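Hello,

Here is the structure you asked to look at. Please open it first, then read the notes that follow.

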Amino acid sequence: MSLTELRLPHGLLFDLDGTLVDTADDLGAALNYVLALHRMPLCRPEQYRPVASHGAKGLLELGFGEALGNFDFFELRSLLLQYYAAHICDHSQLFAGGAALIQALNKQQIPWGIVTNKPYKLAASMLRQLPGLAGCGILLGGDSLGVRKPDPTPLLIAAHQLKVPARQCWYVGDAERDIEAGRRAGMTTVLAGFGYIGASDQPELWQANLRIEQLSELINYLPD
């Protein structure tokens, strides 16, 4: 979609994992820690990257497969999250173009925030450890409200907190639930094509308004 066909954003909201921050290697390390404890085969990056934004459940399903039913899921989840919390930014960093985009948003005083399904405590810890995310106006995690994406409510609340009408706000994400939530909220939706999109996903069917391959592409769409 061309610039002339899009409403310029008065505010931007982002997903976190697979959109703003490449968290796959830290999530994969947490999964492999749990797998090693239970003498299970470890997962390679090409295996865990596509499911890195599917939460602890998706990672454990990947790692343990059909054997998952033989273990206490909640114990495995607790072990994974404890390890991850202690190593949340060992490898994680902003995706290419992310620093330039955030700098441009802050310089132009365009409000922006993050709406993620990641638990709030983990997301907040990541923001504290990544100085490139300074200036975030609102952070909502998957447990901040009674609902989460693909429900549009978190996006609508975040836009309200930023004092930006939903129709003038863009939502950027790498998963179908992100695009669905953004569309249901009446926002312009942007697909992060560089994110954690699996081989079986069909992003061409998600009806995003725009697809980008680097975050800095969004600078071209900011108001002058």
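Lys-149 is buried in this predicted model, with a relative accessible area of 4%. Lys-149 belongs to the loop between strand 5 and helix 7. What does the side chain of Lys-149 meet in a polar contact? The partner is the side chain of Asp-178, and the contact is 2.8 Å. Leaving aside neighbours within four places in sequence, Lys-149 also touches residues from several parts of the chain list, including Asp-15, Val-115, Asn-117, Tyr-171 and Ala-181.

Next, the sheet. Strands in a sheet pair through backbone hydrogen bonds, and the pairing may be parallel or antiparallel. Here six strands make an open sheet with parallel pairing, in the order 5-4-1-6-7-8. Which strands stand at the edges? They are strand 5 (139-140) and strand 8 (210-212). Each of these has a single partner strand, so one side of each has no neighbour in the sheet.

Strand 6 (residues 169-173) is a useful one to follow. Strand 6 pairs with strand 1 (residues 11-14) in the parallel sense, over four bridges. Leu-13 stands opposite Tyr-171 of strand 6, and Gly-11 has Cys-169 as its bridge partner there. Strand 6 is also joined to strand 7 (residues 188-192) by four bridges, and these two run parallel. In that pairing, Val-172 has Val-190 in strand 7 as its bridge partner.

Is strand 6 covered or open? Strand 6 is mostly covered, with five of its five residues buried. In a regular strand, side chains alternate between the two faces of the sheet. In strand 6 the buried residues on one side are Cys-169, Tyr-171 and Gly-173. On the other side are Trp-170 and Val-172, also buried, and both faces of the strand are covered.

Val-164 is in the loop between helix 7 (153-162) and strand 6. Val-164 counts as buried because its relative accessibility is 7%, and the cut-off for buried is under 20%. Val-164 and Gly-11 are 153 residues apart in sequence, but their C-alpha atoms are 6.2 Å apart in space. Not counting residues up to four places away in sequence, Val-164 touches His-10, Gly-11, Pro-111, Ala-159 and Cys-169.

Another buried loop residue is Ser-92, at 6% relative accessibility. Where is Ser-92 found? Ser-92 sits in the loop between helix 4 and strand 3 (93-94). The side chain of Ser-92 makes a polar contact of 2.7 Å with the side chain of Asp-26. The same side chain reaches the backbone oxygen of Ile-88 at 3.3 Å. Beyond four places in sequence, the residues that Ser-92 touches are Val-21, Asp-22, Thr-23, Asp-26, Met-126 and Leu-130.

Now helix 3 (residues 55-64). Its buried residues are Ala-56, Gly-58, Leu-59, Leu-60, Gly-63 and Phe-64. These pack against helix 1 (24-37), helix 2 (45-48) and helix 4 (73-86). Just after helix 3 comes Gly-65, with a positive phi of about 55°.

Helix 3 also takes part in the largest pocket. The volume of the largest pocket is about 550 Å³. Of the 25 residues lining this pocket, those closest to its centre are His-54, Gly-55, Ala-56, Asn-117 and Arg-148. Helix 3 and helix 4 each give at least two residues to the lining. Which element supplies the largest share? Helix 4 does, with five residues.

Last, the cysteines. A disulfide is a covalent bond between the sulfur atoms of two cysteines. How many disulfides does the model have? The count is zero, with a cut-off of 2.5 Å between the two sulfur atoms. For Cys-136, the closest cysteine sulfur is in Cys-169, 12 Å away, so the two are too far apart for a bond. Cys-136 counts as partly exposed, at 23% relative accessibility. Cys-43 counts as buried, at 9% relative accessibility.

Regards

Conventions:
Residues numbered from 1 in each chain as written. Predicted model: local features only at pLDDT ≥ 70, side-chain atom pairs only at ≥ 80, totals over all residues. Heavy atoms only, no water. Buried < 20%, exposed > 50% of the residue type's maximum accessible area, 1.4 Å probe, protein only. Contact = heavy atoms within 4.5 Å. Pairing = 2+ DSSP bridges. Polar contact = N/O pair within 3.5 Å; in protein donor to acceptor, adjacent residues only side chain to side chain. 1 Å grid on protein atoms, 1.4 Å probe; cavity = no way out; pocket = protein on both sides within 12 Å on 5 of 7 lines; lining within 4 Å. Points joined across faces, edges and corners; volume = space filled by probe spheres on them.
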